[in-house]
Number of protein chains: 2
Amino acid sequence: MPLSLDALERRVAGSGHRITAPRRTLLGSMQQLGDHFTAEELAAAAPSVGRATVFRTLRLLQEIGTVCQVILDDGTLEYRLASGGHHHHVVCSACGAVDDFANADIEALLGALASLTGFTIEAHRLELYGRCARCTAPLAATETTAS
Amino acid sequence: MPLSLDALERRVAGSGHRITAPRRTLLGSMQQLGDHFTAEELAAAAPSVGRATVFRTLRLLQEIGTVCQVILDDGTLEYRLASGGHHHHVVCSACGAVDDFANADIEALLGALASLTGFTIEAHRLELYGRCARCTAPLAATETTAS
DNA sequence: ACCTGATTGACACGATGTCTCAGTTACGCT
DNA sequence: AGCGTAACTGAGACATCGTGTCAATCAGGT
(Lines give C-alpha, C1' and ligand atoms only; values in the text may rest on other atoms or scores of the structure.)
Protein backbone atom coordinates (compact mmCIF):
# COMPACT_ATOMS: atom_id res chain seq x y z
CA MET A 1 0.00 0.00 0.00
CA PRO A 2 2.22 2.78 -1.25
CA LEU A 3 -0.27 5.60 -0.94
CA SER A 4 -2.25 6.42 2.18
CA LEU A 5 -5.88 7.32 1.89
CA ASP A 6 -4.94 10.69 3.23
CA ALA A 7 -2.42 11.28 0.49
CA LEU A 8 -4.97 10.31 -2.13
CA GLU A 9 -7.51 12.70 -0.68
CA ARG A 10 -4.98 15.46 -0.63
CA ARG A 11 -4.32 14.92 -4.29
CA VAL A 12 -7.98 15.34 -5.06
CA ALA A 13 -8.26 18.43 -2.91
CA GLY A 14 -5.04 19.81 -4.30
CA SER A 15 -6.35 19.60 -7.83
CA GLY A 16 -9.22 21.88 -6.97
CA HIS A 17 -11.86 19.22 -6.49
CA ARG A 18 -13.98 18.55 -3.46
CA ILE A 19 -13.58 15.74 -1.01
CA THR A 20 -16.94 14.08 -0.76
CA ALA A 21 -18.16 10.97 0.97
CA PRO A 22 -18.56 9.00 -2.29
CA ARG A 23 -15.05 9.90 -3.39
CA ARG A 24 -13.64 8.90 -0.05
CA THR A 25 -15.52 5.62 -0.26
CA LEU A 26 -14.22 4.95 -3.76
CA LEU A 27 -10.64 5.73 -2.86
CA GLY A 28 -10.89 3.37 0.07
CA SER A 29 -12.39 0.64 -2.09
CA MET A 30 -9.67 1.05 -4.66
CA GLN A 31 -7.04 0.46 -2.04
CA GLN A 32 -8.83 -2.61 -0.78
CA LEU A 33 -9.28 -3.99 -4.28
CA GLY A 34 -5.53 -3.84 -4.50
CA ASP A 35 -3.41 -3.65 -7.50
CA HIS A 36 -5.88 -3.44 -10.34
CA PHE A 37 -9.60 -3.58 -10.74
CA THR A 38 -12.33 -3.10 -13.29
CA ALA A 39 -14.91 -0.36 -13.12
CA GLU A 40 -17.48 -3.01 -12.34
CA GLU A 41 -15.47 -4.43 -9.46
CA LEU A 42 -15.12 -0.98 -8.04
CA ALA A 43 -18.83 -0.33 -8.36
CA ALA A 44 -19.55 -3.64 -6.64
CA ALA A 45 -17.09 -2.85 -3.86
CA ALA A 46 -18.78 0.47 -3.20
CA PRO A 47 -22.47 -0.33 -3.54
CA SER A 48 -23.47 2.87 -1.79
CA VAL A 49 -22.06 4.90 -4.66
CA GLY A 50 -23.99 5.31 -7.89
CA ARG A 51 -22.62 3.80 -11.05
CA ALA A 52 -22.37 7.13 -12.80
CA THR A 53 -20.34 8.49 -9.93
CA VAL A 54 -18.00 5.54 -10.09
CA PHE A 55 -17.23 6.30 -13.73
CA ARG A 56 -17.09 10.03 -13.15
CA THR A 57 -14.67 9.56 -10.30
CA LEU A 58 -12.51 7.21 -12.31
CA ARG A 59 -12.33 9.78 -15.06
CA LEU A 60 -11.51 12.54 -12.60
CA LEU A 61 -8.76 10.50 -11.00
CA GLN A 62 -7.32 9.70 -14.39
CA GLU A 63 -7.23 13.37 -15.24
CA ILE A 64 -5.31 14.24 -12.13
CA GLY A 65 -3.03 11.26 -12.64
CA THR A 66 -4.07 9.32 -9.58
CA VAL A 67 -5.48 6.42 -11.54
CA CYS A 68 -4.33 4.95 -14.82
CA GLN A 69 -5.88 2.58 -17.30
CA VAL A 70 -4.46 -0.82 -18.11
CA ILE A 71 -5.45 -2.35 -21.40
CA LEU A 72 -5.46 -6.10 -21.05
CA ASP A 73 -4.46 -8.60 -23.65
CA ASP A 74 -8.03 -9.13 -24.74
CA GLY A 75 -8.71 -5.42 -24.97
CA THR A 76 -10.65 -5.04 -21.74
CA LEU A 77 -9.87 -2.16 -19.45
CA GLU A 78 -8.72 -2.21 -15.88
CA TYR A 79 -7.78 0.62 -13.59
CA ARG A 80 -4.97 1.00 -11.17
CA LEU A 81 -3.86 3.49 -8.56
CA ALA A 82 -0.94 5.18 -10.23
CA SER A 83 2.32 5.60 -8.43
CA GLY A 84 2.53 8.77 -10.51
CA GLY A 85 4.36 9.91 -13.57
CA HIS A 86 4.50 8.37 -17.00
CA HIS A 87 4.96 4.64 -17.04
CA HIS A 88 3.95 1.47 -18.80
CA HIS A 89 2.41 -1.80 -17.72
CA VAL A 90 3.41 -5.43 -17.80
CA VAL A 91 0.51 -7.78 -17.33
CA CYS A 92 0.89 -11.41 -16.38
CA SER A 93 -1.40 -13.50 -18.52
CA ALA A 94 -1.34 -16.31 -15.98
CA CYS A 95 -2.06 -14.64 -12.64
CA GLY A 96 -3.16 -11.24 -13.83
CA ALA A 97 -0.53 -9.35 -11.90
CA VAL A 98 0.20 -5.89 -13.19
CA ASP A 99 3.53 -4.16 -12.81
CA ASP A 100 4.64 -0.70 -13.73
CA PHE A 101 7.83 0.28 -15.36
CA ALA A 102 9.28 3.40 -16.81
CA ASN A 103 12.18 3.21 -19.14
CA ALA A 104 14.26 6.00 -20.55
CA ASP A 105 15.26 3.81 -23.48
CA ILE A 106 11.70 3.79 -24.68
CA GLU A 107 11.50 7.54 -24.68
CA ALA A 108 14.75 7.64 -26.62
CA LEU A 109 13.41 5.11 -29.07
CA LEU A 110 10.39 7.29 -29.67
CA GLY A 111 12.69 10.06 -30.81
CA ALA A 112 14.20 7.73 -33.36
CA LEU A 113 10.77 6.61 -34.47
CA ALA A 114 9.71 10.20 -34.91
CA SER A 115 12.28 10.79 -37.60
CA LEU A 116 11.63 7.38 -39.09
CA THR A 117 7.94 8.00 -39.51
CA GLY A 118 7.99 11.76 -40.00
CA PHE A 119 5.54 12.12 -37.16
CA THR A 120 5.88 14.42 -34.19
CA ILE A 121 5.16 12.03 -31.38
CA GLU A 122 3.02 13.51 -28.65
CA ALA A 123 1.88 10.49 -26.71
CA HIS A 124 2.02 6.74 -26.76
CA ARG A 125 0.68 3.60 -25.23
CA LEU A 126 2.79 0.59 -24.49
CA GLU A 127 1.49 -2.49 -22.76
CA LEU A 128 3.43 -5.71 -22.37
CA TYR A 129 1.88 -9.11 -21.88
CA GLY A 130 3.61 -12.18 -20.60
CA ARG A 131 4.23 -14.20 -17.50
CA CYS A 132 5.58 -12.82 -14.28
CA ALA A 133 8.58 -14.44 -12.60
CA ARG A 134 6.36 -16.39 -10.24
CA CYS A 135 4.25 -17.80 -13.05
CA THR A 136 7.17 -18.54 -15.36
CA ALA A 137 9.10 -20.65 -12.87
CA PRO A 138 6.54 -23.35 -12.03
CA LEU A 139 5.75 -23.60 -15.71
CA ALA A 140 9.34 -24.43 -16.49
CA ALA A 141 9.57 -26.96 -13.67
CA THR A 142 6.23 -28.76 -13.85
CA GLU A 143 3.59 -27.76 -16.28
CA THR A 144 0.83 -28.87 -13.92
CA THR A 145 0.69 -25.97 -11.51
CA ALA A 146 -1.06 -23.31 -13.48
CA SER A 147 -4.52 -22.23 -14.54
CA MET B 1 -4.06 -0.22 -52.32
CA PRO B 2 -1.42 -2.84 -51.71
CA LEU B 3 -3.65 -5.90 -51.57
CA SER B 4 -6.00 -6.97 -54.33
CA LEU B 5 -9.43 -8.26 -53.49
CA ASP B 6 -8.35 -11.54 -54.94
CA ALA B 7 -5.39 -11.78 -52.64
CA LEU B 8 -7.59 -11.04 -49.67
CA GLU B 9 -10.04 -13.72 -50.67
CA ARG B 10 -7.28 -16.19 -51.11
CA ARG B 11 -6.14 -15.49 -47.59
CA VAL B 12 -9.58 -16.28 -46.26
CA ALA B 13 -9.85 -19.44 -48.31
CA GLY B 14 -6.32 -20.42 -47.43
CA SER B 15 -7.09 -20.29 -43.74
CA GLY B 16 -9.81 -22.87 -44.14
CA HIS B 17 -12.77 -20.52 -44.21
CA ARG B 18 -15.38 -20.13 -46.87
CA ILE B 19 -15.66 -17.37 -49.36
CA THR B 20 -19.18 -16.08 -49.10
CA ALA B 21 -20.96 -13.16 -50.66
CA PRO B 22 -21.06 -11.16 -47.40
CA ARG B 23 -17.37 -11.67 -46.85
CA ARG B 24 -16.58 -10.61 -50.37
CA THR B 25 -18.73 -7.53 -49.90
CA LEU B 26 -17.00 -6.64 -46.67
CA LEU B 27 -13.52 -7.08 -48.09
CA GLY B 28 -14.46 -4.80 -50.95
CA SER B 29 -15.89 -2.19 -48.61
CA MET B 30 -12.79 -2.27 -46.49
CA GLN B 31 -10.67 -1.45 -49.47
CA GLN B 32 -12.94 1.40 -50.46
CA LEU B 33 -12.99 2.79 -46.95
CA GLY B 34 -9.28 3.04 -47.29
CA ASP B 35 -6.70 3.13 -44.65
CA HIS B 36 -8.68 2.73 -41.47
CA PHE B 37 -12.30 2.51 -40.49
CA THR B 38 -14.52 1.79 -37.56
CA ALA B 39 -16.80 -1.21 -37.33
CA GLU B 40 -19.73 1.15 -37.72
CA GLU B 41 -18.34 2.70 -40.89
CA LEU B 42 -17.84 -0.73 -42.31
CA ALA B 43 -21.38 -1.75 -41.43
CA ALA B 44 -22.69 1.43 -43.05
CA ALA B 45 -20.60 0.84 -46.16
CA ALA B 46 -22.01 -2.66 -46.53
CA PRO B 47 -25.68 -2.25 -45.65
CA SER B 48 -26.59 -5.57 -47.22
CA VAL B 49 -24.56 -7.37 -44.58
CA GLY B 50 -25.93 -7.92 -41.09
CA ARG B 51 -24.28 -6.19 -38.19
CA ALA B 52 -23.45 -9.44 -36.50
CA THR B 53 -21.72 -10.65 -39.62
CA VAL B 54 -19.69 -7.46 -39.83
CA PHE B 55 -18.31 -8.07 -36.36
CA ARG B 56 -17.89 -11.77 -36.93
CA THR B 57 -15.96 -11.12 -40.10
CA LEU B 58 -13.79 -8.50 -38.46
CA ARG B 59 -12.95 -11.00 -35.75
CA LEU B 60 -12.20 -13.69 -38.29
CA LEU B 61 -9.95 -11.41 -40.30
CA GLN B 62 -8.12 -10.41 -37.17
CA GLU B 63 -7.52 -14.02 -36.33
CA ILE B 64 -6.00 -14.76 -39.69
CA GLY B 65 -4.01 -11.54 -39.56
CA THR B 66 -5.68 -9.79 -42.43
CA VAL B 67 -7.07 -7.00 -40.31
CA CYS B 68 -5.57 -5.36 -37.25
CA GLN B 69 -6.97 -3.12 -34.57
CA VAL B 70 -5.81 0.41 -33.99
CA ILE B 71 -6.45 1.86 -30.57
CA LEU B 72 -6.92 5.58 -30.89
CA ASP B 73 -5.81 8.22 -28.48
CA ASP B 74 -9.21 8.37 -26.83
CA GLY B 75 -9.43 4.61 -26.51
CA THR B 76 -11.79 4.00 -29.41
CA LEU B 77 -11.08 1.19 -31.82
CA GLU B 78 -10.51 1.31 -35.53
CA TYR B 79 -9.64 -1.44 -37.93
CA ARG B 80 -7.21 -1.58 -40.75
CA LEU B 81 -6.24 -3.99 -43.49
CA ALA B 82 -2.93 -5.32 -42.28
CA SER B 83 0.01 -5.44 -44.57
CA GLY B 84 0.88 -8.51 -42.56
CA GLY B 85 3.33 -9.37 -39.85
CA HIS B 86 3.82 -7.76 -36.52
CA HIS B 87 3.86 -4.00 -36.55
CA HIS B 88 2.79 -0.91 -34.64
CA HIS B 89 0.75 2.15 -35.46
CA VAL B 90 1.34 5.86 -35.50
CA VAL B 91 -1.83 7.86 -35.47
CA CYS B 92 -2.01 11.51 -36.43
CA SER B 93 -4.17 13.34 -33.93
CA ALA B 94 -4.83 16.11 -36.43
CA CYS B 95 -5.87 14.36 -39.62
CA GLY B 96 -6.39 10.84 -38.32
CA ALA B 97 -3.87 9.27 -40.67
CA VAL B 98 -2.56 5.91 -39.55
CA ASP B 99 0.83 4.57 -40.46
CA ASP B 100 2.45 1.26 -39.75
CA PHE B 101 5.92 0.65 -38.66
CA ALA B 102 7.93 -2.26 -37.45
CA ASN B 103 11.12 -1.70 -35.63
CA ALA B 104 13.73 -4.20 -34.60
CA ASP B 105 14.92 -1.89 -31.85
CA ILE B 106 11.61 -2.23 -30.11
CA GLU B 107 11.83 -5.97 -30.10
CA ALA B 108 15.33 -5.69 -28.72
CA LEU B 109 14.13 -3.32 -26.05
CA LEU B 110 11.50 -5.82 -25.02
CA GLY B 111 14.24 -8.30 -24.31
CA ALA B 112 15.87 -5.81 -22.01
CA LEU B 113 12.56 -5.09 -20.32
CA ALA B 114 12.00 -8.76 -19.77
CA SER B 115 15.01 -9.03 -17.54
CA LEU B 116 14.24 -5.72 -15.92
CA THR B 117 10.76 -6.76 -14.91
CA GLY B 118 11.32 -10.48 -14.48
CA PHE B 119 8.49 -11.15 -16.90
CA THR B 120 8.60 -13.42 -19.89
CA ILE B 121 7.18 -11.15 -22.54
CA GLU B 122 4.78 -12.89 -24.88
CA ALA B 123 3.04 -10.02 -26.59
CA HIS B 124 2.76 -6.29 -26.54
CA ARG B 125 0.85 -3.32 -27.82
CA LEU B 126 2.47 -0.10 -28.86
CA GLU B 127 0.56 2.80 -30.32
CA LEU B 128 2.06 6.19 -30.98
CA TYR B 129 0.09 9.40 -31.20
CA GLY B 130 1.24 12.64 -32.70
CA ARG B 131 1.11 14.69 -35.84
CA CYS B 132 2.09 13.46 -39.24
CA ALA B 133 4.57 15.41 -41.32
CA ARG B 134 1.82 17.12 -43.26
CA CYS B 135 0.04 18.26 -40.11
CA THR B 136 3.17 19.26 -38.26
CA ALA B 137 4.39 21.74 -40.87
CA PRO B 138 1.56 24.30 -40.84
CA LEU B 139 1.51 24.16 -37.08
CA ALA B 140 5.20 24.93 -36.80
CA ALA B 141 4.69 28.02 -38.95
CA THR B 142 2.04 29.59 -36.73
CA GLU B 143 2.90 28.31 -33.32
CA THR B 144 5.80 26.57 -31.69
CA THR B 145 4.98 23.02 -30.66
CA ALA B 146 5.71 22.15 -27.09
CA SER B 147 5.28 19.47 -24.44
C1' DA C 1 -24.85 29.92 9.41
C1' DC C 2 -25.15 31.03 4.44
C1' DC C 3 -24.44 30.78 -0.58
C1' DT C 4 -23.31 28.86 -4.66
C1' DG C 5 -21.37 26.04 -7.75
C1' DA C 6 -19.69 21.32 -7.56
C1' DT C 7 -21.30 16.89 -6.93
C1' DT C 8 -24.59 13.16 -6.51
C1' DG C 9 -28.00 9.17 -7.51
C1' DA C 10 -31.34 7.29 -10.38
C1' DC C 11 -32.24 6.10 -14.68
C1' DA C 12 -32.65 6.72 -19.61
C1' DC C 13 -29.81 6.53 -23.27
C1' DG C 14 -25.91 5.44 -26.51
C1' DA C 15 -22.12 2.90 -28.43
C1' DT C 16 -20.09 -1.28 -29.29
C1' DG C 17 -20.16 -5.84 -29.58
C1' DT C 18 -22.12 -10.93 -28.69
C1' DC C 19 -25.62 -14.69 -28.61
C1' DT C 20 -29.33 -17.40 -30.38
C1' DC C 21 -31.58 -19.73 -33.71
C1' DA C 22 -33.88 -20.95 -37.74
C1' DG C 23 -32.89 -20.64 -42.49
C1' DT C 24 -29.27 -20.56 -46.25
C1' DT C 25 -25.07 -21.65 -48.65
C1' DA C 26 -20.30 -23.15 -49.97
C1' DC C 27 -17.84 -26.78 -51.27
C1' DG C 28 -15.95 -31.60 -50.85
C1' DC C 29 -17.65 -35.91 -52.33
C1' DT C 30 -19.71 -39.00 -55.37
C1' DA D 1 -24.35 -32.39 -61.83
C1' DG D 2 -26.50 -33.46 -57.45
C1' DC D 3 -26.03 -34.20 -52.33
C1' DG D 4 -25.03 -33.78 -47.57
C1' DT D 5 -23.30 -31.32 -44.01
C1' DA D 6 -21.02 -28.12 -41.49
C1' DA D 7 -20.11 -23.35 -42.00
C1' DC D 8 -22.26 -19.31 -42.42
C1' DT D 9 -25.90 -15.68 -42.24
C1' DG D 10 -29.52 -12.12 -40.78
C1' DA D 11 -32.57 -10.35 -37.44
C1' DG D 12 -33.06 -8.87 -33.31
C1' DA D 13 -32.67 -9.67 -28.34
C1' DC D 14 -29.25 -9.18 -25.18
C1' DA D 15 -24.75 -7.93 -22.61
C1' DT D 16 -21.30 -4.67 -21.41
C1' DC D 17 -19.44 -0.43 -20.61
C1' DG D 18 -19.94 4.08 -20.28
C1' DT D 19 -22.37 8.98 -20.73
C1' DG D 20 -26.18 12.55 -20.41
C1' DT D 21 -29.92 14.60 -17.79
C1' DC D 22 -31.82 16.66 -13.97
C1' DA D 23 -33.61 17.62 -9.55
C1' DA D 24 -31.75 17.26 -4.97
C1' DT D 25 -27.77 17.64 -1.96
C1' DC D 26 -23.44 19.06 -0.10
C1' DA D 27 -18.58 21.09 0.59
C1' DG D 28 -16.25 24.66 1.82
C1' DG D 29 -15.10 29.74 1.32
C1' DT D 30 -17.01 33.89 3.49
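**Note on the predicted protein–DNA model**

1. Of the atoms of DNA strand C within 4 Å of the protein, 60% are sugar or phosphate atoms, and the rest belong to bases. The model is a predicted one. DNA strand C is surrounded by 20 residues. The closest are A:Arg18, A:Thr20, A:Thr53 and A:Arg56 from chain A, with B:Arg51 from chain B.

2. Polar contacts to strand C involve both backbone and side-chain atoms of the protein. On the phosphate side, a polar backbone atom of A:Gly50 is 3.2 Å from a phosphate oxygen of DNA strand C, and a backbone N or O atom of B:Ile19 lies 2.9 Å from a phosphate oxygen of that strand. On the base side, B:Arg51 places a polar side-chain atom 2.3 Å from a base nitrogen of DNA strand C. The elements giving two or more residues to this surface are helix H2 (21-33) and helix H4 (51-63) of chain A, together with helix H4 (51-63) and strand E2 (77-81) of chain B. H4(B) gives the largest share, 4 residues. By class, the surface near DNA strand C has 9 nonpolar, 5 polar and 6 charged residues.

3. DNA strand D has 21 residues around it, the closest being A:Arg51, B:Thr20, B:Arg23, B:Thr53 and B:Arg56. Sugar or phosphate accounts for 58% of the atoms of DNA strand D within 4 Å of the protein, and bases for the rest.

4. The polar contacts to strand D can be listed in the same way. A polar side-chain atom of A:Arg18 lies 3.3 Å from a base nitrogen of DNA strand D. A polar backbone atom of A:Ile19 is 3.1 Å from a phosphate oxygen of DNA strand D, and a backbone N or O atom of B:Arg18 also lies 3.1 Å from a phosphate oxygen of that strand. A:Arg18 is, in addition, among the closest residues to DNA strand C.

5. As for the elements at strand D, H4 and strand E2 (77-81) of chain A and helix H2 (21-33) and H4 of chain B each supply at least two residues of the surface. H4(A) provides the largest share, 5 residues. The residues of this surface divide into 9 nonpolar, 5 polar and 7 charged.

6. The two protein chains meet through 37 residues of chain B in contact with 37 residues of chain A. About 2,900 Å² is buried between them, 65% of it from carbon and sulfur atoms. B:Phe119, B:Arg125 and B:Tyr129 supply 24% of the area that chain B buries against chain A, more than any other three residues.

7. Between chain B and chain A, 21 residue pairs are in polar contact, counting pairs with both residues at pLDDT 80 or more. On the side of chain B that touches chain A, at least two residues come from each of strand E3 (88-92), strand E4 (98-101), helix H5 (104-117), strand E5 (120-131) and helix H6 (133-142). E5(B) gives the most, with 12 residues. This side of chain B divides into 20 nonpolar, 9 polar and 8 charged residues.

8. Strand E5 (residues 120-131) of chain A pairs with E5(B) in the antiparallel sense over 11 bridges. Within this pairing, A:His124 stands opposite B:Leu128, and A:Arg125 has B:Glu127 as its bridge partner. E5(B) also runs parallel to E3(B), to which 4 bridges join it. There the bridge partner of B:Val91 is B:Tyr129, and B:Tyr129 is also one of the three residues that supply 24% of the area buried by chain B against chain A.

9. Side chains of opposite charge can pair when their charged atoms come close. The whole structure has 12 salt bridges over all chains, and 2 salt bridges cross the interface of chain B and chain A. A:Arg131 forms a salt bridge with B:Glu122, with the closest N and O atoms 3.5 Å apart.

10. Within chain A, A:Arg80 and A:Asp35 form a salt bridge at 2.7 Å, N to O. A:Arg80 lies in strand E2 of chain A and A:Asp35 in the loop between H2 and helix H3 (39-45), so the pair ties together parts that are 45 residues apart in sequence.

Methods. Residues numbered from 1 in each chain as written. Chains lettered and ligands numbered in written order. Predicted model: local features only at pLDDT ≥ 70, side-chain atom pairs only at ≥ 80, totals over all residues. Heavy atoms only, no water. Near = heavy atom within 4 Å. Polar contact = N/O pair within 3.5 Å; in protein donor to acceptor, adjacent residues only side chain to side chain. Nonpolar A, V, L, I, M, F, W, Y, C, P; charged D, E, K, R; others polar. Contact = heavy atoms within 4.5 Å. Buried area = accessible area lost by both parts, 1.4 Å probe. Salt bridge = Lys/Arg side-chain N within 4 Å of Asp/Glu carboxyl O. Pairing = 2+ DSSP bridges.
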